[in-house]
Amino acid sequence: MTACAIEGGTAGAATTADPGPEESGEPEEPVGAESAGVEGTAGVEGTAGAEGTAGAEGAAGAVPAGPAAPWAEAPRAPGTFTLTADGAYGARLTAAPGAPGEQRAWYPERWTLDGPEPYAVPLPLHQPEEPDAQVVPLADGRVLIRRRVADRQMFSLLYPTGPATGELALGAVECDGMTLLPPSPDGSSVYGLSAGDHSSLLWLVAGGAFGPELVAEIPGRCSGGVWLDRAGRMLALDRQLPGGGPVKAVAVDLERNGEVTPLLQIAPESNDRLLLADADSGLLLIRSDAPGHDRLGWGVLGSCLPVRFPECLRPADVAVTPFAVQPGQMLMPESCAVALRIDGAAGSWVGIWRPQGRRLHQLAAPEGWSAGAGYWSRDGVLHLPYANAATPCAVARIEAPGDDGPLPETGGTGRTDGGTGGTEPSGAVTPPVVCKPVPLGQAPLHRTAPPD
């Protein structure tokens, strides 16, 4: 896997309806369908400009841009809301209703998001789930669940059947801990990563022929997990070699017995992690401390342009994490809209940014948003799943705001806009001279941003 030179430069879960008997297949009247549409009382519709707004506040739709008010009555989910690669299904653990302060019973819930209206299907079994269980949806509508039982990791597929929940046991892996990776782009495979101090084991826990299968043993301690292609063959992991040292992203070829090749090497001693990758455009979202401190940057796989660290992606007193990239922008990485989760003292809200615009738009999230969950349509509409006291299942749709006005010069150092959608230059001052594309693993950090 090659690219070109690079330069310096808590999910809030909602209380859902009490799970009751289910009908065979999909329910005729989905949970929350009567109020989950975009134009319904809980929906969000419309576009947001540089000072645009988005939210879920009745039929009016828009709320002022900025952090959303926390929903104090919602129980906090123990894990995240996970989406399939195409955004058709989602899954999470959620809590049964109960009085404030009462211990809640956790159970899996599957969301169907590719129809005219989203709806949720509860998947409870005969006993509640532990808060550390993980759920991942598959493209066929089933939900994989990982449970820890003593020193083993147990895996099953859950699905609605008649008035109950069907369960297909897949097997177990003996290990102290395991993290499920994002669903494979093929829609049918799920991988788990068990990290140790000296090596990490990559398991195919769903989609194999005979239960969980060991795919590769990778030297070093691995974390992360980003898919680099749409075939589900190339997986990027962040690895620290045995004995310590910096963390570097590597590519793992699953069709070549887990062959590992370097992917990111910005500076010899820098920690270079891959956060997101888009297979269509090659856009990469990277976190690295090569500029002198931890920064969010972007690069292009297979391009000779350097990685840049935009100033607008480090607003003061908040943490910024990308979670979705607009697909379908073939050979147009700079035009891809990127959705970011912004966490601050007031809660979590949404950021939208394009490399070519160098402008971070900050928008209010819908009440009850599963922070960090969402997906883009090819035409630039961001879908954010949420649930609150008014609706147990809904999706807010936000059209990517435009980047109006002239772009700042690359060599600039100051802010050109003091608003929430401020435009700022890249942290890279001038790009280095590159004669030919080189692998990302050989690309040095040529220049860094001047100190603030």
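This briefing walks through a small antiparallel sheet and a nonpolar core. The model is predicted, so please read each point below in that light. The sheet is open and has 4 strands in the order S1-S2-S3-S4, while the largest nonpolar core has 18 residues.

**The four-stranded sheet**

- Pairing in this sheet is antiparallel, and its edge strands, S1 (82-83) and S4, each pair on one side only.
- At the S1 edge, 2 bridges connect S1 with strand S2 (residues 89-95), and Thr 82 has Ala 91 in S2 as its bridge partner.
- At the S4 edge, strand S3 (residues 106-112) pairs with S4 over 4 bridges in the antiparallel sense.
- S3 and S4 make a hairpin, with 6 residues between them, and Trp 111 sits opposite Ala 120 in S4.

**The two sides of S4**

- In a regular strand, side chains alternate between the two faces of the sheet.
- Strand S4 (residues 119-122) has Tyr 119 and Val 121 pointing one way and Ala 120 and Pro 122 the other.
- All four of these residues are buried.

**The largest nonpolar core**

- The residues with the most contacts inside this core are Phe 323, Val 350, Ile 352, Trp 369, Trp 376, Leu 382 and Leu 384.
- Strands S20 (319-325), S22 (347-353), S25 (381-386) and S26 (394-399) each supply at least two of the core residues.
- Nonpolar side chains tend to be buried together in soluble globular proteins.

**A look around Ile 352**

- Leaving aside residues up to four places away in sequence, Ile 352 touches several residues, including Val 338, Leu 340, Trp 376, Leu 382 and Ile 398.
- Arg 359 and His 361 are also among the contacts of Ile 352.

Key. Residues are numbered from 1 along each chain as its sequence is written. This is a predicted model: local features need pLDDT of at least 70, side-chain atom pairs count only at pLDDT 80 or more; totals for chains, interfaces and linings use all residues. Side-chain values use heavy atoms; hydrogens and water are left out. Buried means under 20% relative accessible area, exposed over 50%, partly exposed in between (1.4 Å probe, protein chains only). Two strands pair if DSSP finds at least two bridges between them. A nonpolar core is a set of buried Ala, Val, Leu, Ile, Met, Phe, Trp, Tyr and Cys residues joined through side-chain atoms within 4.5 Å. Contact means heavy atoms within 4.5 Å.
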